[in-house]
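Colleague: Got a minute? I'd like to go through this model with you.

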Amino acid sequence: NANYWPFAQEMLWGLDTFFLKHPSIRDNYETEFMIWSDMPIESFKGKVFPTESIEWPMPTLMRYHLFLQQEEYLQNFDFIFYIDVDMRITDWIGEEIMGNGLTAAQHPMYALRRNLQPPYEPNYESSAYIPRPGRIIEEDGKKRFEPLYYAGGFQGGKTEDFIKAMKVMRKRIDDDFGKNYIAIWNDETHFNRYLFENPPAVVLNPSYIYPDSLIANYYVKIWGR
């Protein structure tokens, strides 16, 4: 809605400046920006898909339903990436985001604080339910278990893989609706469930999804930095 437009303008400027635009690679890629909006958008160098305003959490929960309405158009691209409209891009985003499959970014809260249990879906009856996923990594010469929880604000990958994932998540969200249930963190929960079953080809560090707030009594206290 209109409240988000100042954020969107800043995010779109960042895309046009930093997204696959580094001088060393920008001639290798042709990018197109798409935005789904319930308000008229002028002077936007990209594709606008009109949509209706609906109550929270439906705008985020139903994102895959919305994107798949444009499946035929999305098939024109080799890679698709979704970025939240209120994200601010402050540095180069390059070829590191592209792999042979899906791309996901670690959620900074749970990547930075080892003692915090990520909010995986706890309801066995939900189609988003998963046990505790993660991987074994080596740190300072010692091996440890690193839980993996992915943020919904930056995701994507190869087009065929992302569209396949969106179709599965759309069905699972609908299945939960049939049980009169919404997963604990909406679409992000279903995204994590899908990645538990289909590990991403690229795992981005949490700097791709950091908050820009400097609220010391929250981020510093809870996250540790």
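Modeller: Sure. Let's begin with a salt bridge: Asp175 pairs with Lys171, and their closest N and O atoms are 2.9 Å apart. Keep in mind that this is a predicted model.

Colleague: How far apart are Asp175 and Lys171 in helix 6?

Modeller: About one helical turn, because they are four residues apart in helix 6.

Colleague: And are they buried or exposed, Asp175 first?

Modeller: Asp175 is partly exposed, with a relative accessible area of 32%. Lys171 counts as exposed, at 52% relative accessibility.

Colleague: What does helix 6 lie across?

Modeller: Helix 6, residues 159-178, lies across strand 3, strand 4 and strand 7. Against strand 7 the angle is about 130 degrees.

Colleague: And helix 7, which strands does that one lie across?

Modeller: Helix 7 (residues 186-197) lies across strand 4 and strand 7, at about 50 degrees to strand 7. A salt bridge there joins Glu197 to Arg193, with closest N and O atoms 2.9 Å apart. These two are also four residues apart in their helix, so about one helical turn separates them. Glu197 is partly exposed at 36%, while Arg193 counts as buried at 18% relative accessibility.

Colleague: Which residues are joined into one network by salt bridges that share partners?

Modeller: Arg63, Asp84 and Asp187.

Colleague: Okay, tell me about Asp84 and Arg63. How far apart are the closest N and O atoms?

Modeller: 3.6 Å. That pair links distant parts of the chain: Asp84 is in the loop between strand 3 and strand 4, Arg63 is in helix 3, and they are 21 residues apart. Asp84 is partly exposed at 21%, whereas Arg63 is buried at 6%.

Colleague: And Asp187, buried or exposed?

Modeller: Asp187 has a relative accessible area of 2%, and the limit for buried is under 20%, so Asp187 is buried. Asp187 lies in helix 7, and its side chain makes a polar contact of 2.3 Å with the side chain of Thr60. Leaving out residues up to four places away in sequence, Asp187 touches Thr60, Leu61, Arg63 and Tyr64.

Colleague: Switching to the sheet. What order do the four strands come in?

Modeller: It's an open sheet in the order 3-7-4-8, with mixed pairing. Strand 3 and strand 8 are the edges, each pairing on one side only. Neighbouring strands are turned by 20 degrees against each other on average, direction ignored.

Colleague: How many bridges are there between strand 4 and strand 7?

Modeller: Four, in the antiparallel sense. Gln106 stands opposite Tyr150 of strand 7.

Colleague: What about strand 5 and strand 6?

Modeller: They run antiparallel, joined by six bridges, and form a hairpin with two residues between them. Asp140 in the turn has a positive phi of about 55 degrees. Glu139 stands opposite Lys142 in strand 6.

Colleague: Last topic, the nonpolar core. Which residues touch the most other members of the largest one?

Modeller: Leu15, Phe19, Ile97 and Phe154, out of 27 residues in that core. Helix 1, strand 1, strand 3, strand 7 and strand 8 each supply at least two residues. Helix 1 gives the most, with six.

Colleague: And what does Phe154 touch?

Modeller: Not counting residues up to four places away in sequence, its contacts include Phe81, Ile97, Leu204 and Ile209. There's also a second, separate core of 20 residues, with Phe67 and Phe191 among them.

Conventions:
Residues numbered from 1 in each chain as written. Predicted model: local features only at pLDDT ≥ 70, side-chain atom pairs only at ≥ 80, totals over all residues. Heavy atoms only, no water. Core = buried A, V, L, I, M, F, W, Y, C linked by side-chain atoms within 4.5 Å. Buried < 20%, exposed > 50% of the residue type's maximum accessible area, 1.4 Å probe, protein only. Contact = heavy atoms within 4.5 Å. Pairing = 2+ DSSP bridges. Axes fitted to C-alpha atoms, helices over the stretch in contact; angles between N-to-C directions. Polar contact = N/O pair within 3.5 Å; in protein donor to acceptor, adjacent residues only side chain to side chain. Salt bridge = Lys/Arg side-chain N within 4 Å of Asp/Glu carboxyl O.
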